[in-house]
Amino acid sequence: MHEIESNKHAWGQLSADHYRTFKAALAEGRHQLNRYIQAEVGDLTGKRVIHLQCNTGADTLLLAGMGAAHVTGVDLVPGNVVAARQLAEDFACPNVDFIESDIMTLMANHPELAGQYDVVFVSEGAIGWLPDLALWGRTVRYLLSDGGYAYVFEGHPTFLMFDEGRLAHGEYNVKYPYFGREPDVDNSIGGYAGETKTGVQAYFWMNTLSEIINSLINAGLRIEFFNEFPENFYDSGGQERVDAVLWNFPFNDGRFPQSFSLKATATG
């Protein structure tokens with residue numbers, strides 16, 4: 001699929017920057033999972049965890065440090081996987097490994113992963129890069145052992161509708177249709193952990209809440225909780241830090257959500 005290949009190339013331009021940025025942040029103790037994830041992801045002690053769309057693996061290492069028996073990170077981009085493996089070596093983290101794979105082809109190309117994990121972890125700006133959430137949901141179920149669970153922390157589709165530049169000034173203009181079928185195409189990428197790269201084509205799909213939730217239900221998972229939060233996990237423009245890793249607009253006193261979480265358990 002040309003959109004996936006284009007995204008692979010685009011994200012590859014960021015691998016080196018992300019490695020340097022996250023290595024420094026981990027070394028200085030500045031990089032951490034946000035407080036909602038820490039409170040909700042559950043006890044990982046002794047569990048086998050798979051982290052989908054892991055980027056350069058910084059969060060994968062944090063999960064491994066929460067007592068997991070083993071954590072596998074999966075990412076589309078070869079440079080990200082190389083960087084993730086280097087980070088694991090840099091921080092002497094032996095209970096991790098990394099797989100280079102498109103999530104859309106993970107089931108077909110890795111039959112050995114079927115039912116091998118207690119937890120599937122997906123977080124912060126991941127699933128909008130996927131063109132087929134039904135396939136994503138089936139992949140999540142495929143990876144989980146019976147009784148295992150998926151935990152997702154993501155950008156809220158309501159927030160993702162708005163024009164970023166105008167929202168920074170308190171103007172609620174819908175730029176990206178909630179029910180839009182065609183991906184948004186951007187000629188730049190990054191900026192949150194390194195310099196913005198231009199001259200690329202990055203494809204991002206809008207997903208409705210119903211699509212996200214139903215993709216998991218239809219794959220055989222049971223929703224345990226769904227929560228919504230006013231904070232965002234990055235500064236989209238005009239936002240202020242709430243804490244070390246969360247952001248919000250000064251005027252967003254409960255007016256709209258910017259992120260959500262859910263937990264879904266694999267039934268037998």
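Select serine 259 to start: you'll find it in strand S11 (residues 259-266); helices (H or I, at least four residues) and strands (E, at least two) are DSSP runs, numbered from the N terminus. You're looking at a predicted model, where local features need pLDDT of at least 70, side-chain atom pairs count only at pLDDT 80 or more, and totals for chains, interfaces and linings use all residues. Residues are numbered from 1 along each chain as its sequence is written, and side-chain values use heavy atoms, with hydrogens and water left out.

Is serine 259 buried or exposed? Serine 259 counts as buried, because its relative accessibility is 1% (buried means under 20% relative accessible area, exposed over 50%, partly exposed in between, with a 1.4 Å probe and protein chains only). A polar atom of its side chain sits 2.8 Å from the backbone oxygen of glutamate 231.

Next, pick lysine 197, in strand S7 (residues 197-204). Now add glutamine 13: it is 184 residues away along the chain, yet the two C-alpha atoms are separated by 6.9 Å. Show aspartate 17 too, since its side chain makes a polar contact with that of lysine 197 (3.1 Å); such a contact is a pair of N or O atoms within 3.5 Å, and within protein one must be able to donate a hydrogen and the other to accept it, while residues adjacent in sequence count only if both atoms are side-chain atoms.

Last stop: helix H2 (residues 15-27) and helix H5 (residues 78-90), whose axes (lines fitted to C-alpha atoms over the stretch in contact) come within 9 Å and cross at roughly 25 degrees.

Definitions and conventions:
Axes fitted to C-alpha atoms, helices over the stretch in contact; angles between N-to-C directions.
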